[in-house]
Amino acid sequence: MQQAGQKNPGKMAAIIGLDSKIVKDICQSVTNDGNFVGPANYNSQIQLVISGTEKGVEKAQELAKENKAKNVVELNVSGAFHSPLMESAVVEFSGMLDSVQFQKPLVPVYSNVTGNFSQDPDKLKEYLSKQLTHPVLWLKTVQTMVENGIKEFIEVGNGNVLARLVKRIDKTVSTFSINNAESIRNLVG
């Protein structure tokens, strides 16, 4: 992905407080003459991350502000992730995945590419490759999980960004962030 980012330089920005349709329309209006920008992460009902060429993202940020976005934040990333600008990384990544034998998972695996779950190893492998160039459907994924009865979400890793996003999507669920030994003790009681 780093090489793809060097080959096709790009940026990402979070647009907060604008309807996703307005953001998609802005992206379409900017995409022309070598500029590209499109949705990259549907993080919540009020937050959509865009990704694309440097000029495309810059212009989209301006238009989002003109359309009264609550906030526009350029992200500190090294490329236009979850966009067609990452296409060159797909070939190498897919080749690596082809060398790995996937087994049927014991539990459903939710894909951010579809927003739904699968236990089909071939589909899951396909979704892993697609996530390099397709938007992350985090909002739809969490909503589908809640519809399927999932009420507790545990984020493992540094920080609590995902747990906060889940709570914004559905305030009725429980979230936990595990990022050190103390947080593990707090979870298991």
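1. A crossing of two helices is called right-handed if the near helix is turned clockwise from the far one by less than a right angle, and left-handed if the turn is anticlockwise. In this predicted model, helix 2 makes a right-handed crossing with helix 3.

2. The geometry of that pair is as follows. Helix 2 spans residues 20–30 and helix 3 residues 54–66; the angle between them is about 135 degrees, and their axes are 9 Å apart. The two helices are therefore oblique to each other. Helix 2 contributes Ile26, Ser29 and Val30 to the contact, while helix 3 contributes Gly56, Lys59, Ala60, Leu63 and Ala64. Sorted by class, the contact of helix 2 with helix 3 holds 5 nonpolar residues, 2 polar and 1 charged.

3. A second packed pair is formed by helix 4 (residues 87–98) and helix 5 (residues 121–130), whose axes come within 9 Å and cross at roughly 155 degrees. Angles over 145 degrees count as roughly antiparallel, and helix 4 and helix 5 are therefore roughly antiparallel to each other. Their crossing is right-handed. On the side of helix 4 the contact involves Val90, Phe93, Ser94, Leu97 and Asp98, and on the side of helix 5 it involves Lys125, Leu128 and Ser129. The contact of helix 4 with helix 5 comprises 4 nonpolar, 2 polar and 2 charged residues.

4. Helix 6 and helix 7 form a third pair, with an angle of about 65 degrees and axes 10 Å apart. Helix 6 and helix 7 are therefore roughly perpendicular to each other. Here too the handedness can be stated: helix 6 passes helix 7 in a right-handed crossing. Trp138, Leu139, Val142 and Gln143 of helix 6 meet Leu162, Leu165, Val166 and Ile169 of helix 7. By class, the contact of helix 6 with helix 7 has 7 nonpolar residues, 1 polar and no charged.

5. The pockets come next. The largest pocket has a volume of about 180 Å³. Its lining consists of Trp138, Met145, Ile150, Glu152, Phe153, Ile154, Glu155, Val156, Leu162, Ala163 and Val166. Helix 6 (138–147), strand 7 (152–156) and helix 7 (161–169) are the elements that give two or more residues to this lining. Strand 7 supplies the largest share, 5 residues. The lining of the largest pocket divides into 9 nonpolar residues, no polar and 2 charged.

6. The second largest pocket holds about 150 Å³ of space. Asn41, Asn43, Asn112, Val136, Trp138, Glu155, Asn158, Val161, Leu162 and Leu165 line the second largest pocket. Helix 7 gives the most to this lining, with 3 residues. In terms of class, the lining of the second largest pocket has 5 nonpolar, 4 polar and 1 charged residues.

7. Some residues recur across these points. Trp138, Glu155 and Leu162 are among the lining residues of the largest pocket, and Trp138, Glu155 and Leu162 also appear in the lining of the second largest pocket. Trp138 and Leu162 take part in the contact between helix 6 and helix 7 as well. Val166 belongs to that helix contact and to the lining of the largest pocket, whereas Leu165 belongs to the helix contact and to the lining of the second largest pocket.

How values were computed: Residues numbered from 1 in each chain as written. Predicted model: local features only at pLDDT ≥ 70, side-chain atom pairs only at ≥ 80, totals over all residues. Heavy atoms only, no water. 1 Å grid on protein atoms, 1.4 Å probe; cavity = no way out; pocket = protein on both sides within 12 Å on 5 of 7 lines; lining within 4 Å. Points joined across faces, edges and corners; volume = space filled by probe spheres on them. Helix = DSSP H or I, 4+ residues; strand = E, 2+ residues; numbered from the N terminus. Nonpolar A, V, L, I, M, F, W, Y, C, P; charged D, E, K, R; others polar. Axes fitted to C-alpha atoms, helices over the stretch in contact; angles between N-to-C directions. Parallel < 35°, antiparallel > 145°, perpendicular 65-115°, else oblique. Contact = heavy atoms within 4.5 Å.
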